[in-house]
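Reader: I want to learn how to read features off a model. Please show me the general idea each time, then the case at hand.

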Amino acid sequence: MNNSNIEANISFRFNRLDKLQAFTLVRAILGSSYEEPKLASDCYVGYVPLTKENLDDINDYYVRQRIEIEDCDIFVSVNPTSVTNIIELPAIVNRMLKYIDCKLRFSFTAVVER
């Protein structure tokens with residue numbers, strides 16, 4: 001069953017930024033943001049919406065900041081309204097993996113109405 005009403009939110013994440021790198025991220029890439037995880041106060045997680053326009057910016061930031069590949073991932077978050085669905089990821093995910101071959105991480109929260 002393919003439900004085209006379900007959208008996946010896809011971000012490229014930098015999972016272990018220092019404070020200066022986090023500030024630099026939001027200035028360097030339009031639409032990016034960061035947060036300080038509750039459990040680790042010495043690092044920040046940076047989020048960049050994965051779009052065609054951001055591919056080169058993400059790659060440039062990754063290289064310039066000398067980010068380790070283990071500290072990055074592509075984060076896919078899905079909140080479907082039924083249990084059985086097929087979510088098709090856009091081609092931009094494959095293209096990003098050609099730039100930076102990092103992990104894929106998924107968050108899937110099923111909200112089932114009764």
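Author: Start with a salt bridge. The model is predicted. Look for a side-chain nitrogen of Lys or Arg within 4 Å of a carboxyl oxygen of Asp or Glu. Aspartate 71 and arginine 16 meet that rule, with N and O at 3.8 Å.

Reader: Where in the chain do aspartate 71 and arginine 16 lie?

Author: Aspartate 71 is in the loop between α2 (55-64) and β4. Arginine 16 is in strand β1. The two are 55 residues apart, so this pair links distant parts of the chain.

Reader: Is aspartate 71 buried or exposed?

Author: Read the relative accessible area. Under 20% is buried, over 50% is exposed, and partly exposed lies in between. Aspartate 71 comes to 18%, so it counts as buried. Arginine 16 comes to 56%, so it counts as exposed.

Reader: How many salt bridges are there by this rule?

Author: The count is three. Another of them joins aspartate 73 to arginine 13, with the closest N and O atoms 2.7 Å apart. Aspartate 73 sits in strand β4 (residues 72-78), and arginine 13 sits in strand β1 (residues 8-17). This pair also links distant parts of the chain, 60 residues apart.

Reader: How accessible is aspartate 73?

Author: Its relative accessibility is 0%, so aspartate 73 counts as buried. Arginine 13 is buried too, with a relative accessible area of 12%.

Reader: Which arginine besides arginine 13 is linked with Asp73 in the network?

Author: Arg105. The side chains of aspartate 73 and arginine 105 meet in a salt bridge at 3.4 Å, N to O. Aspartate 73 lies in strand β4 and arginine 105 in strand β5 (residues 103-108), so the bridge ties together parts 32 residues apart in sequence. Arginine 105 has a relative accessible area of 34%, so it is partly exposed. Put the pairs together: Arg13, Asp73 and Arg105 form a network of salt bridges.

Reader: Next, strands. Which strands pair with β1?

Author: Count the bridges and note the sense. β1 and β4 pair in the antiparallel sense over seven bridges. β1 and strand β3 (residues 44-49) pair in the antiparallel sense over five bridges.

Reader: Which residue stands opposite serine 11 in β4?

Author: Phenylalanine 75. On the β3 side, phenylalanine 12 has valine 48 as its bridge partner.

Reader: How many residues of β1 are buried?

Author: Seven of the ten. So β1 is largely enclosed by the rest of the structure.

Reader: Take one residue of β4. What does serine 77 touch?

Author: For contacts, set aside neighbours within four places in sequence. What remains for serine 77 is Glu7, Ala8, Asn9 and Ser107. Serine 77 has its place in strand β4. Its relative accessibility is 16%, so serine 77 counts as buried.

Reader: Now cysteines. How many disulfides does the structure hold?

Author: Zero. The test is distance: two cysteine sulfur atoms must lie within 2.5 Å. For cysteine 72, the closest cysteine sulfur is in cysteine 102, at 6.1 Å. That is too far for a bond. Cysteine 102 is likewise in no disulfide.

Reader: Are cysteine 72 and cysteine 102 buried or exposed?

Author: Cysteine 72 counts as buried, at 1% relative accessibility. Cysteine 102 is buried as well, with a relative accessible area of 9%.

Reader: Step back to the whole chain. What pattern does the protein chain follow?

Author: List the elements in sequence order. The pattern is β-α-β-β-α-β-α-β. The protein chain has three helices and five strands.

Reader: What share of the chain is buried?

Author: Of the 114 residues, 37% count as buried. The accessible surface of the protein chain is about 7700 Å². Carbon and sulfur atoms account for 47% of that surface.

Reader: How do contacts spread along the sequence?

Author: Take contacts between residues at least 6 apart in sequence. In the protein chain, 75% of these join residues at least 24 apart. Among the salt bridges, aspartate 73 with arginine 13 spans 60 residues, and aspartate 71 with arginine 16 spans 55.

How values were computed:
Residues numbered from 1 in each chain as written. Predicted model: local features only at pLDDT ≥ 70, side-chain atom pairs only at ≥ 80, totals over all residues. Heavy atoms only, no water. Buried < 20%, exposed > 50% of the residue type's maximum accessible area, 1.4 Å probe, protein only. Helix = DSSP H or I, 4+ residues; strand = E, 2+ residues; numbered from the N terminus. Pairing = 2+ DSSP bridges. Contact = heavy atoms within 4.5 Å. Areas by Shrake-Rupley, 256 points an atom, 1.4 Å probe, with all protein chains shown as cover.
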